[in-house]
Amino acid sequence: MSNPSLLILPGDGIGPEVMAEVRKIIDWFGANKGLTFDVTEDLVGGAAYDKHGTPLHDDTMAKAQEVDAVLLGAVGGPKYDGLDFSVKPERGLLRLRKEMDLYANLRPAQCFDALADFSSLKKDVVAGLDIMIVRELTSGIYFGEPRGIFEEGNERVGINTQRYTESEIERVARSAFELAKRRGNKVCSMEKANVMESGILWREVVQKVHDEEYADVELSHMYADAGAMQLCRWPKQFDVIVTDNLFGDLLSDAAAMLTGSLGMLPSASLGAPMANGRPKALYEPVHGSAPDIAGQGKANPCACILSFAMALRYSFDQGENADLLEKAVEKVLADGVRTADLLQAEGETPASTADMGDAVIAALADLS
Ligand code: NAD
């Protein structure tokens with residue numbers, strides 16, 4: 001059988017720096033766990049524009065469609081600010097998401113005990129938190145028609161349209177139920193069925209998918225505004241939350257901040273199942289290219305490392321190795337290794353990007 005395939009797109013700014021640490025970890029799994037990937041590396045964002053005059057070359061797009069998973073660092077930077085909108089680095093990422101039809105955006109909010117003090121909430125509210133927000137990514141109010149700013153009488157009116165088809169709701173609901181089966185077996189669906197017809201349909205369809213295909217998963221429904229309150233009050237009541245594009249945008253950012261630093265936050269975007277039964281998938285840290293610290297060895301590679309852990313779990317059926325990698329990151333933090341973004345007291349010496357990667361590898365060896 002051929003090795004699982006992975007396309008790595010380091011991108012710009014700190015992207016290549018954090019990805020270098022992931023490459024070391026991939027090599028470690030090959031040498032120590034017999035887990036070998038066919039890795040291809042290519043350009044995206046500003047780096048692709050510099051070489052090809054486009055933020056994503058057609059050949060790279062074709063490769064992304066063929067592999068089992070794509071892992072991306074970050075794109076963008078001030079050097080590209082003046083470019084035409086059509087060739088801006090971010091367009092490369094948007095093209096990947098669109099052409100791979102990645103409709104389910106997974107944003108975990110996981111709080112490592114060692115970082116519980118970083119949250120703005122009380123330690124006992126966030127310590128050990130582990131929830132997953134599944135946001136519908138390719139439809140809803142950001143795409144619905146009509147949209148625009150129109151003249152109406154003697155003033156202008158701004159219009160956006162919330163629109164969901166049954167099949168769009170069904171497929172993201174299935175992603176959420178499938179995830180829940182690998183986690184705490186609970187899904188909470190959030191909408192505003194009290195004031196929006198699209199919310200009524202959302203609730204009905206999620207319930208139907210549940211009853212017909214996932215009756216063994218616990219399902220609850222909550223209005224999204226109440227959900228936001230509950231996320232701040234007692235987030236540990238949730239396992240998987242599934243919601244639409246707009247509410248998911250807000251709720252996932254709020255949930256992410258429960259846990260502290262941007263340098264710790266991974267994400268995944270999943271599409272339809274491929275021939276091997278696994279979803280099309282793009283994994284990436286939530287953070288951007290951080291031009292203010294790029295090239296200085298200061299970036300925290302954990303978000304990118306944890307994105308690779310998500311790839312192990314959701315694209316490669318390597319749940320145990322994903323757990324091992326997450327435990328290694330947890331151990332490193334518990335041991336007090338901190339990149340600059342995680343320092344709390346003045347005078348502490350930060351670990352460099354490479355120090356952090358090396359510490360994770362040492363922890364992997366310790367825990368194996
Ligand atoms: P950013 O996420 O790059 O940085 C925000 C702040 O967080 C900065 O102070 C940065 O130093 C810090 N930070 C981010 N990641 C870090 C890490 N791993 N370790 C330590 N500190 C970290 O957001 P921004 O400054 O708004 O955007 C910079 C560029 O990145 C822009 O060109 C933007 O368009 C792009 N961007 C790309 C993505 C992506 O590739 N998915 C996402 C967001 C922003």
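A polar contact is a pair of N or O atoms within 3.5 Å; within protein, one must be able to donate a hydrogen and the other to accept it, and residues adjacent in sequence count only if both atoms are side-chain atoms. The model is predicted, with local features needing pLDDT of at least 70 and side-chain atom pairs pLDDT 80 or more, whereas totals for chains, interfaces and linings use all residues. Residues are numbered from 1 along each chain as its sequence is written, and side-chain values use heavy atoms, without hydrogens and water.

**Exercise 1.** Determine which residues make polar contacts with the ligand, and how much of the ligand the protein buries.

*Solution.* Begin with Asp292, where a polar side-chain atom lies 2.8 Å from an oxygen atom of the ligand. Next, a polar backbone atom of Ser289 is 3.1 Å from a ligand oxygen, and a side-chain N or O atom of His287 is 3.3 Å from a ligand nitrogen. Finally, the ligand taken alone exposes 810 Å², of which the protein buries 67% (Shrake-Rupley method, 1.4 Å probe).

**Exercise 2.** Describe the shell around the ligand.

*Solution.* The shell (residues with a heavy atom within 4 Å) holds 21 residues, the closest being Glu90, Gly288, Ala290, Asp292 and Asn300. By class, the shell divides into 10 nonpolar, 7 polar and 4 charged residues, with Gly counted as polar.

**Exercise 3.** Explain why the largest pocket lies between two domains.

*Solution.* Domain 1 (1-111 + 264-368) and domain 2 (130-258), whose bounds come from an automatic or database assignment, both give residues to the lining of the largest pocket, so the pocket lies between them.
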